[in-house]
Amino acid sequence: MNPCFYWIDRPVSFRPGETIAAALLRAGIADLGPEGGAVRGRVFCGIGACQACVVAVAGEGAVEACLTPARSGMRLAPPPSLGLRHE
Amino acid sequence: MSELAMTELPILVVGGGPAGVAAAVTLAEAGLRVLLIEQRDRLGGAIHRQPAPGAPQVWRGPARHRRNWTELTSRLERAAARIELRTSSVFLGIDGAGRFLFEDRRAGRVFARRVRAAIVAVGAVERIRPFEGWELPGVTSAGGAQVLLKETGRPPEGPIVVAGTGPLLLAVAAQLARAGNPPLAVLERGNPWRRPKTLAGLATAGPQLTEAAAYATTLAWKRVPYRTASEVLGVSEVGQGLAIRVRLGKIERLLQARHLLVHDGLEPNRAGIPLPAPGAEIPVLLAGDGREILGADAAILDGRRAAAAVLASLGQAAPVAPLEAALGKARAFQRDLAEALRSPSTLPTPETMICRCEGRRYADFTALPADASAREIRLMGRFGLGACQGRFCGPMLAELRGEALPSASPPRWPLRPVSLAALANFSMDQTET
Amino acid sequence: MARSLSLHVAVVGAGIVGAAAAHFLAAAGARVTLLDASGPAAGATGASDGAVSVASKKPGPMMDLARHARAFYGSCEADGLLRGLFHRRSTFLVARTPLEAELVAEHGADLAAAGERVLDVDRPTLLNRIPGLGDGVCFALEIPDDGHALGYEITQRLLQRSSVTVRRNAPVSEIVMRAGRAVGVAVRGEMLAADAVLVAAGIGSVGLLGLGDILIPRKGQMVVTDRAAAGRPAIDGHLMAASYLAAKRGIVRDNAHIGLVIDPLVTGQFLIGGSREDHRSDQTTDAVTISAILRDALDLYPPLRERRVLRTFAGVRTASRDGLPIIGPHPHLGGVTVATGFEGDGICLGPFMGACAARMILGEAPGVDLSLLAPQRFAAVEALA
C-alpha cells in the first residue's frame, strides 16, 4: 500500500520519491485554494519559479509542491491568500 | 590529487540540467574541484526530469537527448571524486559581503560557501502572454505540464487545450497524445506558412526537424488539430472545467476543456542574479538556457563554453572557437524560428492579471505614472514584489515598456523565497572564519 | 497668500518630508517643482517600517513632536487627504530579561509623563492578544494610540493630490546663489530658477549643503516575509523589543546591535528589523546580520518559523550628530530651508514636518516650537570652536 499525506482533510496517496505536485495531480486536485481566495493556488511552471503551487506544511514553512518530495503523514493546506485590499 | 588541490576552493556550478552538468564535468576533468548545486532531489533539470520510482515511463524523449544525458552522467560518475554534489539545495544568491548562499532544504538551514568562480545554469522560465483568466486553476504552463507528465507518467484527465507559441506546443501535445490523452486542439499564435522563406531556412536544421516531424506525425495520427494564427482570448470557470474563448484565424469560438496549457516561448531565468563586471575577483558566468535560449543541445555546449572561460581565467588553455561556432548555428536557428512564428503584439485588457502573486492587473500598471521608476513600479504597483520575484510579470512588463531587461527585478538575495527558520539557522562553512 | 501665489519653490528630495512640504506649499498656492535624483520614495521612505509610533521615541522634544505628528496623521486621515492609509494600532513594548523590564518600565513612565496612554498588560492578556508570543517575554506595556502608515503610499498620495511638478531622474548638483540668496538649482547642467529652495534630500543633503560632519548615514537591514494572514495584519499590534528602545535612548551604540521590531503589515506579511549601522550608506544586506535579526525575532515570536523570507533590504537613515532632526532656515544661505536628519523617525514625523517646513517657507509660524531643531544650532557650535 502506498503511503499518504493530507490535503486539508483528504488523504492523498503517493509513490515514494514523488513530488507533492505529482501526487496532487494524480489525485485530480488542480485547485490548491483557498476557497474564495482572490487568487487560488495551482501547479503551473513545474520548476519552482512561479510560486503558484506553494502549500503550507503544518508546523513547518510553506514549500513549492512541484519541488518537494511528498512525505508520509504531512498535513498540507493552502497558504494565506491575497486579501481584498489590493484588488 | 595533491594536498593543495584537496584544499583549494571549488568552482560553484548551480543547476543540474545539461548546461550545469556539462560545465561540472568539464571543470572536474580538468582537475578542478566543483561544488554542484541542484534544487531537486536528483539531477536532470526540466529536460531530463526522471519518472518517480514506480511511475510508468510513457515517453522517453528523443534518442539523441538520452544519449547525451547518458554520456554526461557517466562522465560525472567518473569525475565524482572531484565533484561535491548537493541536491535539494537552492542557490539563494550573493549577499552584500560577497557570500554565496544556499538553502539546504533537507537540513533546514542556509549555508555559505567560498568559491573561486561560479557558473549559474538555472535554465529558463516560460514566457506567458497574459489573457483574462490565465491565473485560474486548470491553467498550467505547457512546460510545467510536460515535467509533470515525465514524472508521473500520466497525462492530466479530461479534455486539454494547448495554446501559445513555439515548438514546445507541438512537443507537449504529441507527448500527451502518446500518453493516452490527445489534446482537443493546439493553437499556435504565429502563422509560419506565411513566411515560407524562413521556414525553408529552418528545414536545414537536422535533429530539430526530425524531432518536429515525429511530433507532427503523432498529432496527425491522433487527429489533433494544429491551428496557426490562433490564440486564447480569455478563460473563465464553468462547473468543473474551463470555458476558453479562442480566435481561430478570424473566427471566435468557445471551447470547453478541463485543462489549458499555455506557453509563449522561453526566457533566461536570470531574475535577480548579480553579474559582477568582467575581471571581478570571483567571476560569475551564466550558462545554458539561463544565459540565452538556445535549446537542450546547445546548453551542453554552452556549459562547456562557460567552463572553458573559467579555466582560461585560471590560466588553463581551453579552446572555445568550435563551441562558439556551434552556438552560433543554434542562435541562427532560434532566430529563424522566432521569425517564422512572429506574431503582432497585443495589449492585455485592463482586467487581465499581470502579477499573479500580488493580484495586480493591467489597469493597475497603466495607472502608474508613465515615467515611474523601477522602484515605484515595485513599491506602488507591487509588480515584482511578490513570491515569484518578478519572474513572470517581469518579462511581461519589460515587453509592455519596451525594455530589454525586466526592470522589476534588480539583483537581490534571496533569489527565491527561503524558510525563515532556515535563514535564522545560517552558518558559515569551515572555510570562512 | 499674495506672496505664495507668485512664489516658485524648488524642493530637493521626493521622500516623505519633501513630498509633504511640496504638497502643502502647493495647497497654499505656491508653484512647486519637486526634484529627485531617482524618484518618489526612492530613499529611506521606501525602505522603512511603517511605524507612526510615539512609543519608540526618545523622551524629550522627539516624544512631544511625535505626538503632534501622529495627531496630524489622524487629522489628515479624517479630512480625506490620507484616508485609508493611516491605521490606529497598538505598540507593545516587550522585555525578555529583568534588566530589559526596568528599561521598558522607565520608558513607559516617560511616555506617561509626556501625556501618552500607557497600559500594563499581564502575560495571559498578552498571549490572548498575540498568541504564540515567546516564553521569554517577562514584561510588556501597551501603547494603544500608535499607528501605522507606509511611507511610499503616503508619498504617492501627497503627490497625487497636488499640483506639484515632479521631476524624476533629476539630481540637483548645486544650489545657485546670487548675492547671498538662492536663485535656483542646477540639474544636469541646467538651471531651474526658484525663489526658494527646500533641501529634504536625506543623506543626499550632505553633498549639497556640505553637512559632512553633521549628518551621518545609519543603515538598517530589514526582512519581509510571506503572508501569515489574508489581507489583514497577522497580529494585533506592533512588537517593539527593549533592544530597540535601548538603541533609541542611546544606551547602546554598536553596529552589530539589533533593535528588534516585528511590524505586522496590512497585507498579512511581516516586516522585521533591524540593524543600526553607523557610517554605512550602501543598500546591501548580509546573511550574518539578517540571520541575527531573524534569530532574535524567532525568540520573541516563535510562530515566525512557519514563514518564508521574500525579501531582504536596507534603508539608509540620515541622523544628525546630536540625534535631533534639522529643520529651519539655513544660517548662511538665504532662501534655503533645510529639513533632514529624521533618522528612523521620518515616516512618523514626515507629513507634519513637511507641513511645518512649508509654513516656514511661506513666512508663517510653524505652530509648534521647532527652535531646538534649527540648523543654526550647529553654526553656533562651529563658531565657538
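**Notebook: chains A, B and C**

I began with confidence in this predicted model, and found that chain B averages a pLDDT of 90, with 96% of its residues scoring at least 70. The exception I noted is the stretch of residues 1–5 of chain B, where the pLDDT is below 50 and where the model has three contacts beyond near neighbours in sequence. I left that stretch alone, because predicted coordinates should not be read in detail where pLDDT is low.

Next I looked up the contact between chains A and C, to which chain A gives 10 residues and chain C gives 13 residues. On the side of chain A that touches chain C, I recorded five nonpolar, three polar and two charged residues.

Within chain C, I turned to helix 2 (residues 16–27) and helix 6 (residues 151–160), which pack with their axes 9 Å apart at an angle of about 20°. Since angles under 35 degrees count as roughly parallel, I entered these two helices of chain C as roughly parallel to each other, and their crossing as left-handed. Helix 2 of chain C makes the contact through C:Ile16, C:Ala19, C:Ala20 and C:His23, while helix 6 of chain C brings C:Gly151, C:Ile154, C:Thr155, C:Leu158 and C:Leu159. I sorted the residues of this contact into six nonpolar, three polar and no charged.

Last, I traced an open sheet of three strands in chain C, ordered 10-11-12 with antiparallel pairing. Strand 10 (172–178) and strand 12 (190–193) of chain C each have a single partner strand, so one side of each is left without a neighbour in the sheet. The twist averages 35° from one strand to the next. I followed strand 10 of chain C along strand 11 (residues 181–187) of chain C over six antiparallel bridges, and noted C:Arg181 in strand 11 of chain C as the bridge partner of C:Arg178.

Methods
Residues are numbered from 1 along each chain as its sequence is written. Chains are lettered from A and ligands numbered from 1 in the order in which they are written. This is a predicted model: local features need pLDDT of at least 70, side-chain atom pairs count only at pLDDT 80 or more; totals for chains, interfaces and linings use all residues. Two residues are in contact if their C-beta atoms, placed from the backbone, lie within 7 Å. Ala, Val, Leu, Ile, Met, Phe, Trp, Tyr, Cys and Pro count as nonpolar, Asp, Glu, Lys and Arg as charged, and the others, Gly among them, as polar. pLDDT is the predictor's confidence in each residue, from 0 to 100. Axes are lines fitted to C-alpha atoms, for helices over the stretch in contact, and angles run from 0 to 180 degrees between N-to-C directions. Helices (H or I, at least four residues) and strands (E, at least two) are DSSP runs, numbered from the N terminus. Angles under 35 degrees count as roughly parallel, over 145 as roughly antiparallel, 65 to 115 as roughly perpendicular and the rest as oblique. A crossing is left-handed if the near helix is turned anticlockwise from the far one by less than a right angle, and right-handed if clockwise. Two strands pair if DSSP finds at least two bridges between them.
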